[in-house]
Amino acid sequence: MKGSYTIEAAVIMSIFCLMMTAILHQAYKLHDETVGKMALHERIEQGRRLNPWEREQGLAEIEGQAVKRKTAQFSFKDFRLQLGEKSGRIVGKSEARKPDGQWNIQIEAGIFEPEVFLRKTEAVKQLEAGDGSLLRKTDAP
């Protein structure tokens, strides 16, 4: 009777160890995907705040910084990050090799132009300064 407890405990412990290994593997995978997404998002935010005359060279520098910056990656190999500008938006793509296949993500964000927002709010204030009839006339089809 005492030997059966030992065998049962050995089976249960082996199942427990396999489950813990699977959980840790998924945690490392989730960690790498999150780090990859956040690295790309950080670079997109840096790129969208560049001035128009320094954007092309600045995007190349930001890509270089991403390569130099070492992050703890457990399951990713050959992590790459690419930035570019397309029709008033900053487009970023990140990809890496994983043991179970390829990982990639693409993020787009509008270029940060606070002067456009300020112009629009000023136009709305000027329209509202009157009796509001200008707003109603422009809204009508």
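**Exercise 1. Find which residues K98 and D100 are linked with in a network of salt bridges.**

Step 1. Start with the model itself: it is predicted, so local features need pLDDT of at least 70 and side-chain atom pairs count only at pLDDT 80 or more, while totals for chains, interfaces and linings use all residues. Residues are numbered from 1 along each chain as its sequence is written, and side-chain values use heavy atoms, with hydrogens and water left out.

Step 2. Get the rule straight: a salt bridge puts a side-chain nitrogen of Lys or Arg within 4 Å of a carboxyl oxygen of Asp or Glu.

Step 3. Check the pair: D100 and K98 meet in a salt bridge at 3.8 Å, N to O.

Step 4. Now widen the view: K29 and E33 join K98 and D100 in the network.

Step 5. Look at the surface. Buried means under 20% relative accessible area, exposed over 50%, and partly exposed in between (1.4 Å probe, protein chains only). D100 is exposed at 54%, whereas K98 is buried at 15%.

**Exercise 2. Work out where the partners E108 and R89 sit along the chain.**

Step 1. The structure holds 10 salt bridges, and one of them joins E108 to R89, with the closest N and O atoms 3.3 Å apart.

Step 2. Place the ends: E108 belongs to strand β3 and R89 to strand β2 (residues 89–98), 19 residues apart. Helices (H or I, at least four residues) and strands (E, at least two) are DSSP runs, numbered from the N terminus.

Step 3. Both ends are partly exposed: E108 has 39% relative accessibility, and R89 has 33%.

**Exercise 3. Sort out how the rings of F76, F79 and W103 go together.**

Step 1. Rings of Phe, Tyr and Trp (its six-membered ring) pair if their centres lie within 6.5 Å; planes under 30 degrees apart are stacked, over 60 edge-to-face, and the rest tilted.

Step 2. Searching the whole structure gives three aromatic pairs. In one, F76 and W103 are tilted, at 4.9 Å centre to centre and 35 degrees between planes.

Step 3. That pair bridges distant parts of the chain, from the loop between α2 (55–68) and β1 (77–86) to strand β3 (residues 101–110). F76 is buried at 4%, and W103 is buried at 7%.

Step 4. Next, F79 and W103: their centres are 6.5 Å apart and their planes at 25 degrees, so they are stacked. F79 is partly exposed, at 22%.

Step 5. Put it together: F76, F79 and W103 form one aromatic cluster.
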